[in-house]
Amino acid sequence: MVNILINSTNRLLVSVTILVLSCPVGAYAAEQVVLGGGDKPWWYWPLILFIFCFGLGILAVMAGVGGGVLYVPLVSGFFPFHIDFVRGVGLMVALAGALAAGPGLLRRNLANLRLALPVALIASTFSIIGAMLGLYLSALNPDIIQVCLGATIVGIAALLIFSKNSEKPIVTNQDAISHALGLGGVYWDEGARENVEWKTHRTVLGFFMFILIGLVAGMFGLGAGWANVPVLNLMMGAPLKISVATSKFLLSITDTSAAWIYMNRGCVIPLIGVPSIVGLMLGSLLGVRLLAIAKPKMIRYFVIVVLLFAGLKAMDKGLGLGLLG
Amino acid sequence: MTAQANLASRPSKEQVIYANILVIGVWIGLALLFVTYFIYLSGLMPSHVDMTLITQNWDKGVNEYLEITHSPHGWGWLALLGNGDFLNYIGLVFLALLTIVCYLVLIKGYVTKKDWIYAAIAFLEVAVLSIAASGLLGSGGH
């Protein structure tokens with residue numbers, strides 16, 4: 001019975017993989033048709049986008065990355081939308097995913113409000129500046145943003161390859177700011193069947209990093225889970241589970257401020273936005289169910305390869321080299 | 001889990017309230033997105049921008065797109081709520097406003113507990129998000 005379940009899950013995963021892999025290719029091929037005169041009906045792209053985002057939602061959950069970090073480079077690289085709209089919707093996608101995940105993480109005390117609130121204030125403030133800077137640069141020349149986005153995505157892929165998380169970092173000396181803010185707590189580790197006490201250190205350095213994270217998140221419309229987790233876990237010493245959950249929750253705040261800037265500028269077109277958000281959220285829900293029986297490590301490697309390709313494609317597009325089609 | 005361990009790892013009251021508001025808000029937001037998008041696509045209400053015009057111009061920068069489609073920026077969509085396309089903003093804006101609502105509840109909780117540092121942090125966050133939402137920053141498109 002279990003074998004049948006695993007086999008059918010693996011078949012489903014392969015199908016999803018093929019779907020996601022084939023979608024950019026199909027999208028790119030059709031993009032040429034659109035650019036060359038466009039005989040596609042108006043519903044063609046929203047439908048493709050919905051299916052694509054559904055697959056992306058499954059992959060994102062299983063690879064442990066946010067939807068935005070996959071959505072922005074892939075959609076800007078392979079769909080015919082301007083980078084302004086992709087970034088605006090990318091933030092809404094990341095925001096919706098984080099809002100949906102938030103309640104479960106808060107109730108299980110994995111996402112910690114005391115840790116999240118100060119860093120959210122810093123990141124959300126600077127994500128506004130990042131969003132305004134990003135919109136200014138893309139008004140000057142969208143290729144600047146495309147190249148910088150590509151370089152950032154390649155950097156994120158490298159970070160995913162090389163960063164080694166620490167399950168339960170040892171923090172011997174809690175610094176004064178961490179102590180004053182009460183950055184610590186207790187959570188129940190289901191695997192080890194024990195309560196885990198934790199606290200943080202290097203608070204000033206960690207806060208400074210959230211300035212950079214906010215700027216990058218706002219400028220490129222990326223959710224910043226890929227950066228939040230290493231800073232919270234490796235730099236500030238929060239346990240991995242707390243870091244992952246608090247990071248996901250943080251996105252709901254950081255992305256809100258940047259999303260408002262893009263939305264007020266008119267960068268969220270509902271025809272693109274709604275299928276993206278709904279597709280990714282439904283995909284994430286299925287992804288959470290599949291997570292229990294899938295092999296996340298393989299999916300993670302696959303996503304890293306996709307990210308590398310998407311990053312290089314964005315750089316190629318921005319530089320106008322045409323090496324990747 | 002022992003009773004003592006259970007107590008230690010229990011989320012704070014504010015966290016639970018925050019989570020409860022989020023869970024209700026997300027489902028309302030999603031329902032709004034579904035309903036308004038259905039109205040939009042089904043043509044039950046007229047669209048301000050023809051869908052073909054959107055697909056012909058979504059490869060242009062936002063300033064050019066707004067100009068061609070005569071679309072507003074900032075909160076200008078409120079005046080166009082009688083159109084199916086701008087009706088979708090109700091769901092999008094609802095989701096984007098959720099965090100501010102949750103934070104307002106947090107402020108009340110922290111003030112009650114006399115946790116002034118966190119009350120101030122939450123208050124500042126509401127201010128930051130409200131300024132971003134107001135359209136005072138960066139809504140000047142053209």
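This is a short tour of a predicted model with chains A and B, to be followed selection by selection in the viewer.

Begin by selecting chain A and colouring it by pLDDT, for which the chain average is 82, with 86% of the residues scoring at least 70. Then narrow the selection to residues 9-37 of chain A, where pLDDT stays under 50 and where the model has 32 contacts beyond four places in sequence.

Next, select residues 240-265 of chain A, which form helix H10. The end C-alpha atoms of H10(A) are 37 Å apart, and this agrees with the 38 Å that its 26 residues should span at 1.5 Å a residue. Centre the view on A:Thr256, where H10(A) bends by about 30°. If you show the surroundings of the helix as well, you will find H10(A) mostly covered, since 25 of its 26 residues are buried. Just after the helix, pick A:Gly266, which follows H10(A) and has a positive phi, near 95°.

Now display both chains and turn to the contact between them, to which chain A gives 57 residues and chain B gives 54 residues. On the side of chain A that touches chain B, the elements giving two or more residues are helix H4 (83-107), helix H5 (113-140), strand E1 (184-189), H10 and helix H11 (270-291), so that the helix you have just visited appears here again. Which of these elements gives the largest share of that side? Select H5(A), from which 13 residues come, the largest share of the side of chain A that touches chain B. Colouring this side by residue class divides its residues into 41 nonpolar, 13 polar and three charged.

The last two stops are in chain B, and both concern the backbone angle phi. Most residues other than glycine have a negative phi, which makes a positive value worth a look.

Select B:His70, in the loop between helix H4 (62-69) and helix H5 (84-87) of chain B, and check its phi, which is near 50° and therefore positive in a residue other than glycine. Is B:His70 buried or exposed? It has 10 other C-beta atoms within 10 Å, and because a residue with 12 or fewer is called exposed, B:His70 is exposed.

Finish at B:Lys114, which lies in the loop between helix H6 (89-112) and helix H7 (116-134) of chain B. B:Lys114 has a positive phi of about 60° although it is not a glycine, and with 7 C-beta neighbours inside 10 Å it counts as exposed.

Conventions. Residues are numbered from 1 along each chain as its sequence is written. Chains are lettered from A and ligands numbered from 1 in the order in which they are written. This is a predicted model: local features need pLDDT of at least 70, side-chain atom pairs count only at pLDDT 80 or more; totals for chains, interfaces and linings use all residues. Helices (H or I, at least four residues) and strands (E, at least two) are DSSP runs, numbered from the N terminus. A residue is buried if 20 or more other C-beta atoms lie within 10 Å of its own, exposed if 12 or fewer, and partly exposed in between; C-beta atoms are placed from the backbone. pLDDT is the predictor's confidence in each residue, from 0 to 100. Two residues are in contact if their C-beta atoms, placed from the backbone, lie within 7 Å. The expected span of a helix is 1.5 Å times one less than its number of residues. The bend at a residue is the angle between axes fitted to the seven residues ending there and the seven starting there. Ala, Val, Leu, Ile, Met, Phe, Trp, Tyr, Cys and Pro count as nonpolar, Asp, Glu, Lys and Arg as charged, and the others, Gly among them, as polar.
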